Amino acid sequence: METKDRQQQYLEFALGSLEGDEYEEIRDLLARGDQECSRGVAEARAVVAGLSYAAPEATPPAHVRKRLLAAVAEPRRSRSWTPYLAWAAAAGLLIFAVLSGSRARNLEVELANLQQRYEQLSGEHQQILAETETYRQVLTIVSAPGTRSVSLSAQQSPQLQAYWNEPLGLVLAGQNVPAPAADRTLQLWIIPAQGNPIDAGIFRPDDTGRTLYITSPGISISQAAALAITDEPAGGQPQPTTTPIWVGQIG
Amino acid sequence: MLAALATLREDERGAEQSLMEQLSRRDQTALERLYDRYSTLVYSLLLRMTQEAASAEDLTQEVFLKVWRNAHLYESSRGSLEAWLVTVARNLALDHIRSKQEKQRRREDAATLAIAVARPQTEEWVDRRKRMEQVRSLMTSLPPEQRRSLELAYFEGLTQTEIAARLDQPLGTVKSWLRNALLRLRGELGGRS
């Protein structure tokens with residue numbers, strides 16, 4: 001039977017804040033394969049992992065996905081008709097090369113080009129899938145019953161439009177949005193009727209200035225008075241440190 | 001109701017195990033599904049911890065490569081895939097931070113993995129949004145000193161002694177803050193483990 005103190009130790013161990021004899025004790029129990037301790041620490045890790053949701057939401061750039069898939073790609077595997085065609089063509093070229101040895105060198109070059117083309121198409125395919133998923137989420141929010149629209153205006157920048165639905169989330173969309181400096185980011189804030197601004201995540205426009213950001217505000221729309229966007233250091237801030245560039249009243 | 005929830009979690013665990021088995025067989029589509037489902041959560045955490053977009057991008061790739069290479073180690077009975085991914089990401093980020101700061105501190109062994117479920121994506125997305133709201137609401141409701149202590153421990157990997165030094169508070173006080181904050185957290189999220 002676990003005591004309350006022991007459960008607390010598991011939580012502090014999972015958090016990484018436990019020290020001294022208490023830390024050594026838990027570590028020894030785990031090393032000995034103590035089942036009760038292993039189970040307790042596993043449960044504590046699951047609880048502590050929930051803190052990850054407290055981080056300001058940020059979407060990784062598309063090239064991260066592309067790079068990851070390229071790192072694990074197995075050239076002889078294919079998943080769509082385009083790669084099949086590419087490999088079928090490559091196989092045909094190989095047979096032909098055997099039959100006419102004089103052209104083998106040229107065919108090797110063609111094969112390399114086909115492989116390069118296949119990898120390029122595969123990467124583009126992944127990017128399209130990711131974008132499709134984003135648009136699907138946007139459509140879900142924008143078309144849902146009860147979605148509120150908020151216009152965010154700025155003195156020297158194009159207007160942004162927000163669509164907020166509970167509980168689906170908030171979509172922020174805009175075109176020709178000026179990019180912040182490389183070590184800066186844009187950060188969205190919910191301004192409540194009372195109290196301090198609430199962090200709603202960080203985002204950057206893409207290379208063309210297009211902005212499409214989806215987040216989940218931490219408060220009910222009925223408690224919110226306005227939306228604001230500031231320019232902050234990369235990673236975001238707990239509270240705004242600059243004057244808002246965009247502001248939109250929630251009517 | 002409880003029986004239905006228990007059944008749902010069993011289904012989730014089964015789906016997670018199945019996804020990890022696909023990863024063990026080097027099924028790239030399984031990795032794509034995993035990435036699409038969790039990359040925002042992982043990247044957000046890494047960006048918050050490292051405060052550098054380039055480092056967060058590199059570490060995001062490293063997290064998913066680690067899962068790709070070690071999928072066979074995953075046991076659904078030891079916890080959810082989300083918890084495992086977050087644990088792997090946090091440990092990598094702490095290693096990165098400590099390496100950068102040239103600090104020598106012990107590191108908790110990371111040995112937990114977990115994956116997601118084959119429910120409809122919209123439903124899953126809404127579920128995770130709710131969880132995010134739940135955690136953020138909890139953090140907002142904590143007394144400022146408890147919230148700050150928890151953030152220093154989780155996002156910066158500080159020990160109780162280091163937090164006490166950073167906040168210039170007695171060690172016993174910091175222990176009490178962390179204890180109360182963790183108990184609140186467990187009260188809110190404990191049922192999901």
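# Worked exercises on a predicted two-chain model

β3(A) and β6(A) run antiparallel to each other, paired over 5 bridges. That pairing is a good place to start exploring this structure, which is a predicted model.

## Exercise 1: Build the sheet around β3(A)

Task: work out which strands flank β3(A), and then give the strand order of the whole sheet.

Solution. Begin with the β6(A) side. Here A:L172 has A:Y213 of β6(A) opposite it. Now turn to the other neighbour: β2 (residues 160-165) of chain A pairs with β3 (residues 169-174) of chain A, again in the antiparallel sense and over 5 bridges. Within that pair, A:W164 has A:L170 of β3(A) as its bridge partner.

Next, put the strands in order. The result is an open sheet of 4 strands, β1-β2-β3-β6 in chain A, with antiparallel pairing. The edges belong to β1 (148-152) and β6 (211-215) of chain A, each of which pairs on one side only. On average, neighbouring strands of this sheet are turned by 15° against each other, direction ignored.

Finally, check the surroundings of the edge strand β6(A). It is mostly covered, with 4 of its 5 residues buried.

## Exercise 2: Find the other open sheet

Task: place β4 and β5 of chain A in their sheet and explain what is special about the strands at its edges.

Solution. First take the pair itself: β4 (residues 184-192) of chain A is joined to β5(A) by 4 bridges, in the antiparallel sense. A:W189 stands opposite A:D199 of β5(A).

Then extend the pair to the full sheet. Its 4 strands follow the order β5-β4-β7-β8 in chain A, forming an open, antiparallel arrangement. At the edges are β5 (198-203) and β8 (246-249) of chain A; each has a single partner strand, so one side of each lacks a neighbour in the sheet. From one strand to the next, the twist averages 20°.

To finish, step back to the whole chain. Chain A holds 6 helices and 8 strands, and from the N terminus its elements read α-α-α-α-α-α-β-β-β-β-β-β-β-β. Of its 251 residues, 33% are buried. Among the chain A contacts with a separation of 6 or more, 59% link residues 24 or more positions apart.

## Exercise 3: Read two helices of chain B

Task: compare the span of α8(B) with expectation, then decide how its buried residues are arranged around the axis.

Solution. Start with length. α8(B) has 19 residues and reaches 27 Å from its first C-alpha to its last, close to the 27 Å expected at 1.5 Å a residue.

Now list what is buried in α8(B): B:V174, B:K175, B:W177, B:L178, B:A181, B:L182, B:L185, B:R186 and B:L189. Viewed down the axis of α8(B), these residues fall within an arc of 160°, so they line one face of the helix. The spacing has a simple background: an α-helix has 3.6 residues a turn, so residues three or four places apart point the same way. On the face turned away from the buried side of α8(B) sit the exposed residues B:G172 and B:G187.

Try the length test again on α6(B). Its 13 residues should span 18 Å at 1.5 Å a residue, and the end C-alpha atoms are 17 Å apart, which agrees. Buried residues of α6(B) include B:Q146, B:L150, B:Y154 and B:F155. Just after α6(B), B:G157 takes a positive phi of about 70°.

## Exercise 4: From one serine to the interface

Task: decide whether B:S39 is buried or exposed, and describe the side of chain B that touches chain A.

Solution. Locate the residue first: B:S39 lies in helix α2 of chain B. It has 21 C-beta neighbours inside 10 Å and therefore counts as buried. Beyond its neighbours within four places in sequence, B:S39 is in contact with A:P60, A:R65 and B:T60. B:F64 is 25 residues from B:S39 in sequence, yet their C-alpha atoms are 8.7 Å apart.

Two of those contacts belong to chain A, so to speak of the wider picture: 62 residues of chain B are in contact with 47 residues of chain A. Helices of chain B that each supply at least two residues to this side include α2 (28-50), α6 (144-156) and α8 (171-189). α2(B) gives the most, with 14 residues. By type, the residues of this side divide into 24 nonpolar, 21 polar and 17 charged.

Notes
Residues are numbered from 1 along each chain as its sequence is written. Chains are lettered from A and ligands numbered from 1 in the order in which they are written. This is a predicted model: local features need pLDDT of at least 70, side-chain atom pairs count only at pLDDT 80 or more; totals for chains, interfaces and linings use all residues. Two residues are in contact if their C-beta atoms, placed from the backbone, lie within 7 Å. Ala, Val, Leu, Ile, Met, Phe, Trp, Tyr, Cys and Pro count as nonpolar, Asp, Glu, Lys and Arg as charged, and the others, Gly among them, as polar. Two strands pair if DSSP finds at least two bridges between them. Axes are lines fitted to C-alpha atoms, for helices over the stretch in contact, and angles run from 0 to 180 degrees between N-to-C directions. The expected span of a helix is 1.5 Å times one less than its number of residues. A residue is buried if 20 or more other C-beta atoms lie within 10 Å of its own, exposed if 12 or fewer, and partly exposed in between; C-beta atoms are placed from the backbone. The arc is that of the directions from the helix axis to the C-beta atoms.
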